[in-house]
Amino acid sequence: MRAVIVAIGVAFLISLFCTPIAIKVFTRLKAGQPIRAEGPAMHQGKKGTPTMGGVVFILATVIAYVAGHLALTTLPDAQIAQVEPTITALVLLGLMVFSGAVGFIDDFLKVRKRHSGGLNKRGKLAGQILVGAIFGVVALYFPSSMTDVRGNATNTETVGSTMLSFIRDIPALEIGKIGAVIVIILVVMAATNGVNLTDGLDGLATGASVMVLAAYALIAFWQYRHWCADPNYPAGEYCYTVRDPLEIALIAGAAAGACVGFLWWNTSPARIFMGDTGALGLGGLIAGMAMSTRTILLLPIIGGLFVIITMSVVIQIISFRTTGKRVFRMSPLQHHFELAGWSEVNIVVRFWIIAGIGVAIALGLFYSEFLAAVS
C-alpha cells in the first residue's frame, strides 16, 4: 500500500506543478486548440486554449511508477512484491504512452494546420489497431517467471488471458491467443474512442477517468491482497489468478493522481486541454486495466459514462443515415444538453455523477462476487 500511496502523491504533485509550465510552453509555441465551426457556438470562446496537456499526466504517471518502485524496495521481506519492473508495467504504460502518441500526432496536425481536422479517421484507426496488436501480443505471449522477495512461488501467468472475463476469467469462454489479441484490439479501440468522445467539456473526461482509474486501483489492490501467487495467502481461500496485481494498482493509482493534478487546471474555465494526446492515452490505459485485472466485460459498467456518450454518437449516425432525422440536437450527448440550455458546469457535474454511479455498481458487483464465493 505504501508504494501505491507514494505513486499517487508523486504523480499528483508533478501534474499539479508542471501543468502551468506546460501551459506557458504550449502558449509560446502557439499550440492552441482549433474549434470546429459546426460545434456549439459557445465553444468559440475557447479557441486558442493550449492543447496536448495529456503529455503532462502521461509523463507524471511514468515517473510516479518509478517512484513507487523505489518505495517497494523498502518493504519488509515478509511481504510479496514485484520489486523489479515487469511485463505488466510494460504493457500498461506502453498502451498509455503509444496510444497517447497516436493522439499527439493528431493534435500536432491540428495545431499545424490551424484546423480541427487532424489525423484522418483511417490513420487514427490504424494507429489504434497497431498499438493494440503489439501490446496484445506481448500480453498473451510472455508469461511471468516472477518469484517473491524470498525466491518462492513462481507466477507463470500472462498479463492478458485467453478467456473472456467479467469479475474473473470465465472458463467456458475460451477464445485462444489469437482471439484474445483481437479482443484486446477491440477493447483498446472502444476505450480510446470512448474517452476521446467524452472529452468535449472542461474537466469532463478528466474527472470521469479519475473515478474509473481509482476503481481499477481498488480492484487490483484487492486482487493483490487475495492473490493466488502469494505463498502467504491461506491455502484453499478464494484467490485471484492474475499477474502482478500490485503493479496494476500502482499504475492505476499513479494515473488517477496525475489526472487529479491536471484537473486543477483543466476544470472550467479550462486553462489547458488534454487533447487527443491525453484522451487516447487514458483510453489505452483503461483498456489495459480491464485486460490485466481480468474484468473485460465489467469495463462497460465501470466506464458507463463513456459507453453512454459513445452510443449517443452511434445512435445519431444510424438515425441520420437511415431516416434523415437526428435523435439529439448534437452529438456527443454533452453537446445536446448544451444546446438545450444547460450550463457547462451543470453538465459536467451531472455526468460525473453518472460516471460515479457506474463505478459504484461495478465495485459492488466485484466485491459481492468475492463474498458469495467465500460464503
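Me: How much space lies in the largest cavity?
Reply: About 70 Å³ of space lies there, in what is a predicted model. Of the 13 residues lining this largest cavity, S161, M163, I184, M291 and I296 are the closest to its centre. Two elements, β1 (163-165) and α5, give two or more residues to that lining.

Me: What makes the lining of the largest cavity 9 nonpolar, 2 polar and 2 charged?
Reply: The lining divides that way because residues such as Met and Ile count as nonpolar, while Asp, Glu, Lys and Arg count as charged and the others as polar.

Me: Where does α5 come in again, at the second largest pocket?
Reply: Happily, α5 gives the most to that lining, with 6 residues. The pocket holds about 310 Å³ of space, and of its 16 lining residues the closest to the centre include A190, A191 and L299. Both α9 (299-302) and α10 (304-323) also supply at least two residues each. The lining divides into 13 nonpolar, 3 polar and no charged residues.

Me: Let's turn to T198. Why is T198 called buried?
Reply: Buried means under 20% relative accessible area, and T198 has 0% relative accessibility, so T198 counts as buried. T198 sits in helix α5 (residues 176-198).

Me: What makes the link between the side chain of T198 and the backbone oxygen of G194 a polar contact?
Reply: The T198 side chain reaches that oxygen at 2.8 Å, and a polar contact needs the pair of N or O atoms to be within 3.5 Å, so this pair meets the distance cut-off.

Me: Which residues does T198 touch, not counting those up to four places away in sequence?
Reply: T198 touches L204, A205, L305, F306, I309 and Q334.

Methods: Residues numbered from 1 in each chain as written. Predicted model: local features only at pLDDT ≥ 70, side-chain atom pairs only at ≥ 80, totals over all residues. Heavy atoms only, no water. Helix = DSSP H or I, 4+ residues; strand = E, 2+ residues; numbered from the N terminus. Buried < 20%, exposed > 50% of the residue type's maximum accessible area, 1.4 Å probe, protein only. Polar contact = N/O pair within 3.5 Å; in protein donor to acceptor, adjacent residues only side chain to side chain. Contact = heavy atoms within 4.5 Å. 1 Å grid on protein atoms, 1.4 Å probe; cavity = no way out; pocket = protein on both sides within 12 Å on 5 of 7 lines; lining within 4 Å. Points joined across faces, edges and corners; volume = space filled by probe spheres on them.
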